[in-house]
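Q: Please examine closely the surroundings of the ligand in this model, with attention to individual residues that line it.

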Amino acid sequence: MELLQSPTVEIVGIAVALAAVAAAAYIYSNKKPRDCLDPENFKEFKLVQRTQLSHNVAKFRFALPTPTSVLGLPIGQHISCRGRDGQGEEVIKPYTPTTLDSDLGHFELVIKMYPQGRMSHHFREMRVGDYLAVKGPKGRFKYQPGQVRAFGMLAGGSGITPMFQVARAILENPKDRTKVHLIYANVTLEDILLKEELDGLARDYPDRFKVFYVLNQVICLVFFSIFLENFGSPVVGLPF
Ligand SMILES: Cc1cc2nc3c(=O)[nH]c(=O)nc-3n(C[C@H](O)[C@H](O)[C@H](O)COP(=O)(O)OP(=O)(O)OC[C@H]3O[C@@H](n4cnc5c(N)ncnc54)[C@H](O)[C@@H]3O)c2cc1C
């Protein structure tokens, strides 16, 4: 009893308690959020939001286990998604999320659904509350900041999603000074995926990001404007 009441013991006790609190706070603040992907096994993620972007394109948002969880996908890599086609047969296809690990608690896929596409059928049928089986990360390419001075990217249709993922990661990293030039081809204006987001990047990072849209139906006009923008003078003698 006497010992417990001694002021020296009390001070030591308080110091020990404070040190424990400080250590806990340090460990908590340095704890890396747990990755949710498993490269060997499919894991199920719940569809929490589905937004139709055009007649055949939709954005799917899937919840991660907690609001602070991260998917854990290295920049430049993709995931495998498993579903069932119109005949009920299993189908597995690769997709690149448009979200990064800086987006906590969820990940998003922008999917173009083809009328006869097998996995397209699965996504077309998915409703909020359904689960998607996902495995990953997959792929050999992993982006490291400063890897190159500038990226020249060429994408068509839904091939934009890997480019968007890498471009976003580069541009949103204030320590990365890499430049990105993207030529993005589609059939019509309505087919351009993520246009608002790409235009947003071009607006926010004018010195580091340039996007050029190429359309089948107005291809000459677009090449003409690309030429004007880059060389500053009208093109003479082109065959159109
Ligand atoms: C690394 C990577 C990332 C990708 N990321 C994305 C992404 O983020 N978003 C995205 O939308 N796509 C992405 N893709 C493409 C995706 O993997 C699929 O290829 C796409 O969704 C089509 O798959 P599907 O099973 O629906 O079509 P499939 O069944 O493979 O059909 C492909 C095409 O053939 C046509 N077709 C199929 N059957 C017939 C038939 N009997 N007769 C005539 N035509 C037919 C379909 O209409 C379609 O045009 C990515 C691909 C890769 C390699």
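A: Ser 120 counts as buried because 20 other C-beta atoms lie within 10 Å of its own (buried means 20 or more such neighbours, exposed 12 or fewer, and partly exposed in between, with C-beta atoms placed from the backbone). This is a predicted model, in which local features need pLDDT of at least 70, side-chain atom pairs count only at pLDDT 80 or more, and totals for chains, interfaces and linings use all residues. Residues are numbered from 1 along each chain as its sequence is written.

Ser 120 is part of helix α3 (helices are DSSP runs of H or I with at least four residues, strands runs of E with at least two, numbered from the N terminus). Apart from residues up to four places away in sequence, Ser 120 touches Met 113 and Tyr 114 (contact requires C-beta atoms, placed from the backbone, within 7 Å).

The shell around the ligand holds 20 residues, of which Tyr 114, Gly 117, Met 119, Ser 120 and Thr 161 come nearest (a residue is near if its C-beta atom, placed from the backbone, lies within 6 Å of the molecule). At least two shell residues come from each of β4 (90-95), β5 (106-112), α3 (118-125) and α4 (160-171).

Strand β5 contains Lys 112, which is partly exposed because 19 other C-beta atoms lie within 10 Å. Beyond its neighbours within four places in sequence, Lys 112 is in contact with Asn 56, Val 57, Gly 157, Ser 158 and Leu 193. Both Lys 112 and Ser 120 are among the residues that UniProt lists under "binding site" in an unreviewed entry; such annotations may be inferred rather than shown by experiment.

Technical notes
Contact = placed C-beta atoms within 7 Å.
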